[in-house]
Amino acid sequence: MRKVVFIVGNYGVGKSSMLERPVLESKDIFLRTTERTWVLGTDICGADSLSMYKKQDVMNKIKEAKQDILLIAGSRYCQQKDIKELSRDNEVHLVYLKTSYMNNASRIAGRNKHINIDTYNQKLKEHISLMSKCRRYCKIYMIDNNRPLQEVKVEFDNLIQDL
């Protein structure tokens with residue numbers, strides 16, 4: 001059974017960084033990054049690169065595709081409805097990059113942007129709700145993202161490799 005992995009976390013915490021590796025093959029809206037792993041997107045940053053498509057068209061392509069492991073990072077495609085819908089025919093996993101406000105703010109500041117505490121808290125509340133509502137549709141993993149990117153990426157890669 002195909003495995004679909006949703007990667008969620010607040011703005012600027014490194015979801016795209018978890019995907020980043022050389023693209024071995026490109027097929028429509030899917031990028032192969034390892035023998036078994038594909039990323040949803042036309043760019044390695046993930047599903048945020050699909051804004052020109054209608055969401056239902058993308059969901060139909062996901063359902064028709066036959067990758068072994070499909071990684072999805074991008075808030076538009078990581079909603080409760082998407083997880084529930086894809087859990088019907090796939091083994092679904094949700095990886096939450098748990099990041100403190102201070103760490104999140106620091107990462108975003110590195111991009112010359114900022115996040116205020118209210119936005120952070122709102123997204124945190126949304127992610128907690130998402131995990132609570134989706135726990136019967138998917139296996140949930142929390143990765144401590146308050147560590148150097150390389151450490152987090154190794155843990156993420158090991159998790160994906162073990163699926």
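A residue is called buried under 20% relative accessible area, exposed over 50% and partly exposed in between (1.4 Å probe, protein chains only). This is a predicted model, in which local features need pLDDT of at least 70, side-chain atom pairs count only at pLDDT 80 or more, and totals for chains, interfaces and linings use all residues. Residues are numbered from 1 along each chain as its sequence is written, and side-chain values use heavy atoms, with hydrogens and water left out.

One aromatic pair is counted, where ring centres of Phe, Tyr or Trp (its six-membered ring) must lie within 6.5 Å, and planes under 30 degrees apart are stacked, over 60 edge-to-face and the rest tilted. The rings of Tyr-101 and Tyr-120 have centres 5.4 Å apart and planes at 70°, so the pair is edge-to-face.

| Residue | Relative accessible area | Class |
|---|---|---|
| Tyr-101 | 24% | partly exposed |
| Tyr-120 | 8% | buried |

The largest nonpolar core (buried Ala, Val, Leu, Ile, Met, Phe, Trp, Tyr and Cys joined through side-chain atoms within 4.5 Å) has 27 residues, of which Leu-40, Ile-62, Ile-72 and Ile-83 touch the most other members. Elements giving it two or more residues include strand E4 (37-40), helix H2 (55-64) and helix H5 (117-134); helices (H or I, at least four residues) and strands (E, at least two) are DSSP runs numbered from the N terminus. Apart from this core lies another, of 20 residues, including Ile-69 and Tyr-141.

In H2, Val-58, Met-59 and Ile-62 are buried. They lie on the same side of H2 because they cover an arc of only 100° around the axis, taken from the directions from the helix axis to the C-beta atoms.
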